[in-house]
Amino acid sequence: MRTQVAIIGAGPAGLLLAHLLHRGGVDAVVLETRSQEYVAARIRAGILESSSVELLESVGLGSRLRAEGHEHRGIYLQMPGERHHLDFVDLAGRSVWVYGQTEVQKDLVAAATAVVHYEVSDVVLHESAVTFVDSAGVSQRLDVDAIAGCDGSFGVSRAAAAPEQQFERVYPYSWLGVLVDVAPSTDELIYAWHPDGFALHSMRSPTVSRLYLQVPNGTDVADWSDDRIWSALATRLGHGQDGWKLTPGPITDKSVLPMRSYVQTPMRSGRLFLAGDAAHIVPPTGAKGLNLAIADVALLSRALVALLRDGDARLADSYSDDALRRVWRCTHFSWWMTTMLHASGDPFDAQLQLSQLRWVTSSAAGATGLAENYAGLPIGF
Ligand code: APR
Ligand code: PHB
């Protein structure tokens with residue numbers, strides 16, 4: 001078999017890249033180790049920056065997003081006894097959209113612009129070919145001009161890209177996330193600092209809430225009964241404060257997420273280009289993972305179209321540097337949000353966090369910095 005670009009991984013990065021390349025007249029084939037059902041059902045992030053929304057819309061993937069997604073003007077930042085609204089539209093001229101990654105994934109599958117081989121195994125990247133075993137157990141070889149490594153943090157591309165440098169920060173806490181069949185108790189997301197630990201009230205739709213609690217690393221979900229979860233959420237999110245109520249509901253999913261920052265450079269090695277989680281991981285505070293993946297493939301698709309359709313290598317040559325500028329901005333922002341909001345157990349840290357939160361919630365300069373980063377910088381940043 002032959003195609004211009006082999007895309008490894010059918011997550012949002014891989015499928016969106018395939019869609020963008022198709023629009024640019026470049027052929028691609030996507031290889032995915034999991035089944036289509038497994039990939040579609042994975043619970044992930046749910047917030048899109050305005051530049052992500054604009055990009056999806058500009059390539060024909062925005063209609064359900066606009067109809068079923070929910071635009072938020074900002075977020076609430078909370079400390080015990082005080083809840084402040086930061087209005088990103090007033091502060092930075094941009095909003096964010098609540099639209100689950102599962103929905104983005106469905107829209108990409110429905111667009112059906114990509115040839116995807118699901119349930120492949122033994123994927124091996126070569127200089128200008130990819131070999132794999134297809135779902136029927138047949139060994140295949142795909143000859144290509146370029147390979148896009150979109151196979152996340154456990155894929156094969158990361159190591160194949162021969163990193164010159166790896167940067168990593170592991171945080172001393174995790175998130176316990178629950179998906180709940182109940183209407184959100186808030187109109188916009190609440191990020192709450194609390195001496196017991198951080199809590200976040202997010203949502204997926206008018207009938208589904210997504211909530212998180214900071215928990216110690218190594219936490220076993222079995223130790224967190226539904227009652228214990230609701231009691232901790234009520235305390236940390238301020239149930240009863242100024243008449244606000246947290247409405248509990250049936251928990252349909254419970255999981256523990258580790259928190260990690262990771263960047264590997266460069267994001268290109270020869271004909272192999274990395275995008276999304278394959279090249280970098282951010283902790284979830286600030287919801288940058290999916291947005292970064294979208295921004296990467298926006299740049300990468302332009303670079304590959306220029307290279308393979310027009311014979312112009314300039315954007316391919318600058319891809320790694322161009323992508324890393326935004327990656328480091330989001331890596332800093334996610335680290336900053338994380339360290340500002342999570343209890344470390346150190347009283348000095350706690351006072352610095354509270355002081356920082358007071359500044360962010362009371363100074364126009366502080367609030368605008370957060371708003372600009374959260375609502376997202378333009379794709380070309
Ligand atoms: N060969 C082919 N596919 C593979 C291989 C492999 N060897 N290893 C992993 N994969 C697949 C995974 O099964 C997964 O479907 O690659 C895909 C990678 O998808 P994601 O992990 O979703 O990564 P990405 O597309 O970069 O995600 C973008 O959105 O919500 C966030 O956490 C998510 O930050 C990530 C972002
Ligand atoms: C989510 O809805 O899953 C979510 C929202 C905001 C975050 C992290 C996760 O900062």
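Colleague: Let's start small. Where is alanine 112 found?

Modeller: In the loop between α6 (101–111) and β8 (115–117). Helices (H or I, at least four residues) and strands (E, at least two) are DSSP runs, numbered from the N terminus. By the way, this is a predicted model, where local features need pLDDT of at least 70, side-chain atom pairs count only at pLDDT 80 or more, and totals for chains, interfaces and linings use all residues. Residues are numbered from 1 along each chain as its sequence is written, chains are lettered from A and ligands numbered from 1 in the order in which they are written, and side-chain values use heavy atoms, leaving out hydrogens and water.

Colleague: What makes alanine 112 worth pointing out?

Modeller: Its phi is positive, about 50 degrees, although alanine 112 is not a glycine. Most residues other than glycine have a negative phi.

Colleague: Which peptide bond is cis, and how do you know?

Modeller: The one joining threonine 265 and proline 266, where omega is about -5 degrees. Proline 266 sits in the loop between β17 (251–265) and β18 (268–269). Most peptide bonds are trans.

Colleague: On to the ligands. Which residues come nearest to ligand 2?

Modeller: Tyr191, Ser202, Arg204, Tyr212 and Gly286, out of 13 residues around it. Those 13 are called near because each has a heavy atom within 4 Å of the ligand.

Colleague: Why is the pair between arginine 204 and ligand 2 called a polar contact?

Modeller: A polar contact is a pair of N or O atoms within 3.5 Å (within protein, one must be able to donate a hydrogen and the other to accept it, and residues adjacent in sequence count only if both atoms are side-chain atoms). A polar side-chain atom of arginine 204 lies 2.7 Å from an oxygen atom of ligand 2, so the pair qualifies. Backbone atoms join in too: a polar one of glycine 286 is 2.9 Å from a ligand 2 oxygen, and for alanine 287 the value is 3.3 Å.

Colleague: How much of ligand 2 does the protein bury?

Modeller: Taken alone, ligand 2 exposes 280 Å², and the protein buries 99% of that. These areas come from the Shrake-Rupley method with a 1.4 Å probe; for residues, only the protein chains shown count as cover.

Colleague: What is the shell around ligand 2 made of?

Modeller: By class, eight nonpolar, three polar and two charged residues. Here Ala, Val, Leu, Ile, Met, Phe, Trp, Tyr, Cys and Pro count as nonpolar, Asp, Glu, Lys and Arg as charged, and the others, Gly among them, as polar. β15 (199–205) and β16 (208–216) each supply at least two residues, and β15 gives the most, with three.

Colleague: Which domains does the ligand 2 shell draw on?

Modeller: At least three residues come from each of domain 1 (5–70 + 101–168 + 260–342) and domain 2 (177–258). The bounds come from an automatic or database domain assignment.

Colleague: How far apart are the two domains' C-alpha centres?

Modeller: The centres of domain 1 and domain 2 lie 30 Å apart. Their contact (heavy atoms within 4.5 Å) takes 13 residues from domain 1 and 11 from domain 2.

Colleague: And ligand 1: which residues come nearest there?

Modeller: Glu32, Arg42, Arg44, Gln101 and Asp277, of 25 residues around it.

Colleague: What makes threonine 33 a polar contact of ligand 1?

Modeller: A polar backbone atom of threonine 33 is 3.5 Å from a ligand 1 nitrogen, so the pair meets the limit. Arginine 44 also takes part, with a side-chain N or O atom 2.9 Å from a ligand 1 oxygen. Taken alone, ligand 1 exposes 720 Å², of which the protein buries 89%.
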